[in-house]
Amino acid sequence: MFAPVRDALEWSRKATPRRLGNAAGLWTSFQRAKHTKDPRISGMPFSISFEPTTACNLRCPECPSGLRSFTRPTGNLKQDLFTRVIDELAPDLWALTFYFQGEPYINPGFLDMVRIASDRGLYTATSTNAHFLTEEKAEATVRSGLSRLIISLDGTDQETYSAYRKEGELAKVIEGAERIVKWKKKLKSATPQVVFQFLVVKPNEHQIPEARALAKRVGVDDLWLKTAQIYEPKDDHPLIPTQDKYARYKRNESGVWEVKNKLEDSCWKMWHSCVITWDGRVVPCCFDKDAHHVLGDLRTHSFRELWHSDAYNDFRRTLLHSRSSIEMCRNCSEGSPVWA
């Protein structure tokens, strides 16, 4: 069975009548909002991201964790906060991503929280640089019930890999992936779906065929090619690929670099998902990496209170009227292609 089909089946197994009804209510209210510009929302999110940690062992450019450039506090997600929020959301929630910034496996309680979410019937996913996938962690990952494991590859030899994944070791990435594949077979587990994610940048774009061959050799389920977010795109930027189809940006008629996507005054993500930082603050989406748009604090309020608050609805209203007025939205890749 093809990997996308297996993954779709894993998603479908998490469906309940309540989750389906909640998702339908969200979609209906989103469609209504696009036409009426009224930000009222029907339902709770069906997909959220929870940040296990802001810490990272690598120093990738274009990444606040790698650059150590956060202005917000850094730390690890605590299990009591996580459990309280998940207990509130689980009946309506469908999917949970354990990732925002940082390397999830640095948080010592990460896999315990994956198990908690899996036990509540949620589709769970994470993204890792795979440097911490020892035999013990690989086995624990498979046993945790994690639905999808995205492993950042970004190069097929050490020189190319470390051009972006600075201070990283490609050998550890491959060994970690091989351990996960081995433990899936040993435990006869269909999960997690293991994906090599190849962030296409100028130094590695010539290695895409080699990345496909490596994915096949290691035995992962899929290879995803992803466009790279660049904060200051320009003609001589060292990371923008020369092949236009792998670039997130283009020059407009005035010669200014901009995101290829049309910036419409709407955003589906604001109706079905959000991001929760390690310390319990709710931000709109993964493009708010430094939490400039905090819409509430889960240490002092319930999620439902925040989701339907005036602050959240005011943010949605701004999107419906002038999305381009929000700085992070102007570099948004929502809808940008990811090739398999």
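**Exercise on backbone geometry**

Determine in which loop Ala130 is found, whether Ala130 is buried or exposed, and what the sign of its phi is.

Solution. Ala130 is found in the loop between strand E3 (123-128) and H6. Helices (H or I, at least four residues) and strands (E, at least two) are DSSP runs, numbered from the N terminus. The model is a predicted one, in which local features need pLDDT of at least 70 and side-chain atom pairs count only at pLDDT 80 or more, while totals for chains, interfaces and linings use all residues. Residues are numbered from 1 along each chain as its sequence is written, and side-chain values use heavy atoms, with hydrogens and water left out.

Next, classify the accessibility. Buried means under 20% relative accessible area, exposed over 50%, and partly exposed in between, with a 1.4 Å probe and protein chains only. Ala130 has 1% relative accessibility and therefore counts as buried. Finally, the phi of Ala130 is positive, about 70 degrees, although Ala130 is not a glycine.

Glu167 can be treated likewise. Glu167 is found in the loop between H7 and H8, and its phi is positive, about 75 degrees, although Glu167 is not a glycine. Because its relative accessibility is 56%, Glu167 counts as exposed. As background, most residues other than glycine have a negative phi, and most peptide bonds are trans.

**Exercise on helix H8**

Compare the expected span of helix H8 with the distance between its end C-alpha atoms, and list the elements against which its buried residues pack.

Solution. First, the expected span of a helix is 1.5 Å times one less than its number of residues. Helix H8 (residues 170-186) has 17 residues, so it should span 24 Å; its end C-alpha atoms are 24 Å apart, which agrees.

Second, the buried residues of H8 are Leu170, Val173, Ile174, Gly176, Ala177, Ile180, Val181, Trp183 and Lys184. An α-helix has 3.6 residues a turn, so residues three or four places apart point the same way.

Third, these buried residues pack against helix H6 (135-143), strand E4 (148-152), helix H7 (158-164), strand E5 (193-200) and helix H9 (208-218). Contact here means heavy atoms within 4.5 Å.

Fourth, follow the chain onward. Just after H8, Lys188 takes a positive phi of about 50 degrees. A cis peptide bond joins Thr191 and Pro192, with omega about 0 degrees, and Pro192 has its place in the loop between H8 and E5.

**Exercise on the nonpolar core and surface**

Identify which residues touch the most other members of the largest nonpolar core, and which residues make a nonpolar surface patch.

Solution. A nonpolar core is a set of buried Ala, Val, Leu, Ile, Met, Phe, Trp, Tyr and Cys residues joined through side-chain atoms within 4.5 Å. The largest such core has 93 residues, of which Phe82 and Phe196 touch the most other members. H8 supplies the largest share of this core, 7 residues. With residues up to four places away in sequence not counted, Phe196 touches residues including Ile151, Ala177, Leu214 and Trp224.

Turn then to the surface. Patches are made of residues with over 30% relative accessible area and no salt bridge; like charges are joined within 9 Å, and nonpolar side chains (Val, Leu, Ile, Met, Phe, Trp, Tyr) within 5 Å. Phe2, Val5 and Leu9 make a nonpolar patch of about 310 Å². Phe2 is found in the segment before helix H1 (3-13), and it counts as exposed because its relative accessibility is 69%.

**Exercise on salt bridges**

Establish how many salt bridges the structure holds, and describe the pairs Arg6 and Asp221, Glu135 and Lys182, and Arg165 and Asp154.

Solution. A salt bridge is a side-chain nitrogen of Lys or Arg within 4 Å of a carboxyl oxygen of Asp or Glu. The structure holds 20 of them.

- Arg6 and Asp221 meet through their side chains at 2.8 Å, N to O. Arg6 lies in helix H1 and Asp221 in the loop between H9 and strand E6 (222-227), so the pair ties together parts 215 residues apart in sequence. Arg6, Lys184 and Asp221 are linked in a network of salt bridges.
- Glu135 and Lys182 meet at 2.7 Å, N to O. This pair links distant parts of the chain, with Glu135 in helix H6 and Lys182 in helix H8, 47 residues apart. Glu135 is partly exposed at 34% relative accessibility, and Lys182 is partly exposed at 39%.
- Arg165 and Asp154 have their closest N and O atoms 2.5 Å apart. Arg165 lies in the loop between H7 and H8 and Asp154 in the loop between E4 and H7, so the pair ties together parts 11 residues apart in sequence. Arg165 counts as buried at 15% relative accessibility, as does Asp154 at 1%.

Technical notes
Areas by Shrake-Rupley, 256 points an atom, 1.4 Å probe, with all protein chains shown as cover.
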